[in-house]
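Subject: Structure for your review

Dear colleague,

Please find below the structure that I am handing over to you. My findings follow directly after it.

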Amino acid sequence: MQDHPTNSPYMRFSREQWAQLRNSVPMTLSFDEIKALKGINEELSIEEVAEIYLPLARLLNFYISSNLHRTAALDQFLGTRERRPPYVIGIAGSVAVGKSTTARVLQALLSRWPEHRRVELVTTDGFLHPNRELEARGLMKKKGFPPSYDMHRLVRFVSELKAGTPHLEVPVYSHLVYDIVSDDLKAIEHPDILILEGLNVLQSGMDYPEDPHHVFVSDFVDFSIYVDASIDQLRSWYVKRFMKLRQSVFSNPGSYFHTYAQLSDDEAIATAERIWSEINERNLVENILPTRERASLILTKGDAHAVEQVMLRK
């Protein structure tokens with residue numbers, strides 16, 4: 001563990017120090033499975049899973065087991081046998097930082113723990129307002145900003161989840177059409193663990209002054225992770241991902257961004273850099289980055305999406 005300021009709420013670990021905390025936990029994912037979990041323009045090696053995500057899965061398993069013991073103690077005190085609410089893990093961070101890959105890796109690892117817990121993954125993209133509503137409100141260029149989300153519906157979902165509701169449904173977001181799929185819902189059947197991934201999972205009342213609530217998503221999260229990287233790295237990763245999407249998703253005639261596939265390389269780079277600076281970087285600086293220190297754990301990435309430092313709240 002590295003030295004840290006006495007007034008910091010975090011303990012800091014270098015990659016090497018964190019990797020030692022794996023404590024011989026066996027690797028349960030194959031090379032092909034790890035390859036399938038990574039996102040576009042991301043590197044995800046077996047070493048990354050072994051040195052970063054296995055120690056994190058071990059830590060989470062300790063927290064989850066402790067939570068179950070606490071719930072069992074409450075049941076014993078009350079003389080009840082209530083169905084236990086799921087343990088909620090929130091994952092936040094910028095566009096292009098690799099939140100989705102972190103979420104998928106943790107889902108795979110935690111579901112293969114000896115306890116065989118059921119792990120569901122939900123992204124907050126599904127709680128964006130539909131495009132027609134964003135267009136009516138003049139918010140299409142602020143997609144991902146706080147006003148673009150149906151926070152009432154998202155808070156209601158996590159509240160009912162924590163209340164032990166056995167069957168819930170969440171909206172599905174399509175990155176192909178860049179919109180909510182209105183006739184498609186994903187069923188959530190009382191998981192043991194729910195991973196909630198999105199830009200806004202750590203935001204609170206101060207982020208929604210125009211639509212005040214008494215409770216927020218962060219009030220229902222048991223453990224939160226912020227995936228961090230420098231703005232320069234994020235800009236580079238976003239542009240590289242944009243260029244790769246031109247050759248894959250954007251080339252589909254049904255893609256909302258199909259016109260971008262027709263751009264020259266120079267035009268595409270300029271377009272990606274403009275979108276980054278006007279929308280994603282602004283949202284990061286104004287709304288996402290200020291939530292970083294609310295996280296239970298911060299993963300700081302360096303080159304090639306490799307985590308270089310881990311900060312764990314004391």
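I begin with strand S2, which spans residues 87–93 and is mostly covered, with seven of its seven residues buried. Please bear in mind throughout that this is a predicted model.

The burial of S2 extends to both of its faces. On one side lie Tyr87, Ile89, Ile91 and Gly93, and on the other Val88, Gly90 and Ala92, all of them buried. In general, side chains in a regular strand alternate between the two faces of the sheet.

The neighbours of S2 are as follows. Strand S6 (residues 193–197) is joined to S2 by five bridges, and the two run parallel. Strand S7 (residues 223–228) is likewise connected to S2 through five bridges, again in parallel. Ile89 of S2 has a counterpart in each of these strands: Ile195 stands opposite in S6, and Phe223 stands opposite in S7. Further along S2, Gly93 faces Val227 of S7 across the pairing.

Turning to the sheet as a whole, seven strands form an open arrangement in the order S1-S9-S8-S7-S2-S6-S3, with mixed pairing. Strand S1 (10–14) and strand S3 (119–123) occupy the edges; each has a single partner strand, so one side of each is left without a neighbour in the sheet. From one strand to the next, the twist averages 20°.

The other feature I wish to report is a helix pair. The axes of helix H3 (residues 46–78) and helix H4 (residues 99–111) come within 10 Å of each other and cross at roughly 60°. Because of this angle, H3 is oblique to H4. The crossing in which H3 passes H4 is right-handed. On the H3 side, the contact is made by Val49, Tyr53, Leu54, Leu56, Ala57 and Leu60. H4 contributes Thr102, Val105, Leu106, Leu109 and Leu110. Classified by type, the residues of this contact comprise 10 nonpolar, one polar and no charged.

In short, the two points I would draw to your attention are the strand S2, buried on both faces, and the right-handed crossing of H3 and H4.

Yours sincerely

Notes
Residues numbered from 1 in each chain as written. Predicted model: local features only at pLDDT ≥ 70, side-chain atom pairs only at ≥ 80, totals over all residues. Heavy atoms only, no water. Axes fitted to C-alpha atoms, helices over the stretch in contact; angles between N-to-C directions. Helix = DSSP H or I, 4+ residues; strand = E, 2+ residues; numbered from the N terminus. Parallel < 35°, antiparallel > 145°, perpendicular 65-115°, else oblique. Left-handed = near helix turned anticlockwise from the far one by under 90°. Contact = heavy atoms within 4.5 Å. Nonpolar A, V, L, I, M, F, W, Y, C, P; charged D, E, K, R; others polar. Buried < 20%, exposed > 50% of the residue type's maximum accessible area, 1.4 Å probe, protein only. Pairing = 2+ DSSP bridges.
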